[in-house]
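Colleague: I would like to go through this model with you. I will ask why things are labelled as they are.

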Amino acid sequence: METWIITTIIGATALVALYWGNVLSVKLPELDSRFDAKPFNCRPCLTFHIMWMFCTVFALVLWTRELFVYGLAAAFLVFFTVKIIDNKKVTK
């Protein structure tokens, strides 16, 4: 599969995962107490799970293994980046 298609899909998936990970990690625990658990109220965790799921769906639709592997690697990179950013935040 062409490199620019994989790069575009992973980039768009990363942007969507970062946005929805930020929004849903705050909104889901407010909806129900069952969502006040680690994967749902943790921004890096939710971002990671959203990203690898979207990359998996796109890899299945396009029937390519490379997109799945690179998407999973990118999900881990985004997870560690968001985790480092969250650890550097100062809360009062």
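What follows is a set of questions on the labels, with the reasoning behind each answer.

Colleague: What kind of model is this, and how many helices and strands are in the chain?

Modeller: It is a predicted model. The chain has four helices and zero strands. From the N terminus the order is α-α-α-α. The C-alpha atoms fill a box of roughly 45 × 30 × 15 Å along the principal axes.

Colleague: What share of the chain is buried?

Modeller: Buried residues make up 33% of the 92 residues.

Colleague: How are α1 and α3 packed?

Modeller: Two numbers describe a packed pair of helices: the angle between the axes and the distance between them. For α1 (residues 3-31) and α3 (residues 43-62) the angle is about 145° and the axes are 8 Å apart. The crossing is right-handed.

Colleague: Which residues make that contact?

Modeller: From α1 they include I9, I10, T13, A14 and W20. From α3 they include R43, L46, M51 and F58. The contact divides into 15 nonpolar residues, five polar and one charged.

Colleague: R43 is in helix α3. Is R43 buried or exposed, and how do you know?

Modeller: Buried means under 20% relative accessible area. R43 has 19%, so R43 counts as buried.

Colleague: What does R43 touch?

Modeller: Leaving out residues up to four places away in sequence, R43 touches G21, N22, S25, V82, I85, D86 and K89.

Colleague: What makes up the largest nonpolar core?

Modeller: That core has 19 residues. I10, M51, L67 and V78 have the most contacts inside it. The elements giving two or more residues to this core are α1, α3 and α4 (65-87). The largest share, seven residues, comes from α3.

Colleague: Why is V78 called buried?

Modeller: The relative accessible area of V78 is 14%. The cut-off is under 20%, so V78 is buried. V78 lies in helix α4.

Colleague: What is V78 in contact with?

Modeller: Beyond its neighbours within four places in sequence, V78 is in contact with A14, L18, T47 and M51. V78 and M51 are 27 residues apart along the chain, and their C-alpha atoms are separated by 8.7 Å.

Colleague: And which residues does L67 contact?

Modeller: Leaving aside neighbours within four places in sequence, L67 is in contact with I6, I9, I10, C55, F58, A59 and L62.

Colleague: How many aromatic pairs are there?

Modeller: The count comes to five.

Colleague: What makes Y19 and W20 an edge-to-face pair?

Modeller: Two cut-offs decide that. Centres must lie within 6.5 Å, and planes over 60 degrees apart count as edge-to-face. Y19 and W20 are at 5.1 Å centre to centre, with 75° between the planes. Both conditions are met, so the pair is edge-to-face.

Colleague: Why is F35 with F40 given that label?

Modeller: The ring centres of F35 and F40 are 5.1 Å apart and the planes are at 80°, so this pair is edge-to-face.

Colleague: Why are Y19 and W20 called partly exposed?

Modeller: Partly exposed lies between the 20% and 50% cut-offs. Y19 has a relative accessible area of 49%, so Y19 is partly exposed. W20 is at 38%, so W20 is partly exposed too.

Colleague: What about F35 and F40?

Modeller: F35 counts as partly exposed at 28%. F40 is partly exposed at 30%.

Colleague: Which residues form a ring cluster?

Modeller: Ring pairs link F48, F76, F79 and F80 into a cluster.

Colleague: What is notable about phi of W63?

Modeller: Most residues other than glycine have a negative phi. Phi of W63 is near 55°, a positive value. W63 sits in the loop between α3 and α4.

Colleague: Is W63 buried or exposed?

Modeller: Exposed means over 50%. W63 is at 74%, so W63 counts as exposed.

Colleague: How do you know that N87 is exposed?

Modeller: N87 has a relative accessible area of 61%, over the 50% cut-off, so N87 is exposed. N87 is found in helix α4. N87 and E66 are 21 residues apart in sequence and 32 Å apart in space, C-alpha to C-alpha.

Technical notes:
Residues numbered from 1 in each chain as written. Predicted model: local features only at pLDDT ≥ 70, side-chain atom pairs only at ≥ 80, totals over all residues. Heavy atoms only, no water. Axes fitted to C-alpha atoms, helices over the stretch in contact; angles between N-to-C directions. Left-handed = near helix turned anticlockwise from the far one by under 90°. Contact = heavy atoms within 4.5 Å. Nonpolar A, V, L, I, M, F, W, Y, C, P; charged D, E, K, R; others polar. Core = buried A, V, L, I, M, F, W, Y, C linked by side-chain atoms within 4.5 Å. Buried < 20%, exposed > 50% of the residue type's maximum accessible area, 1.4 Å probe, protein only. Phe/Tyr/Trp six-rings, centres within 6.5 Å; stacked < 30°, edge-to-face > 60°.
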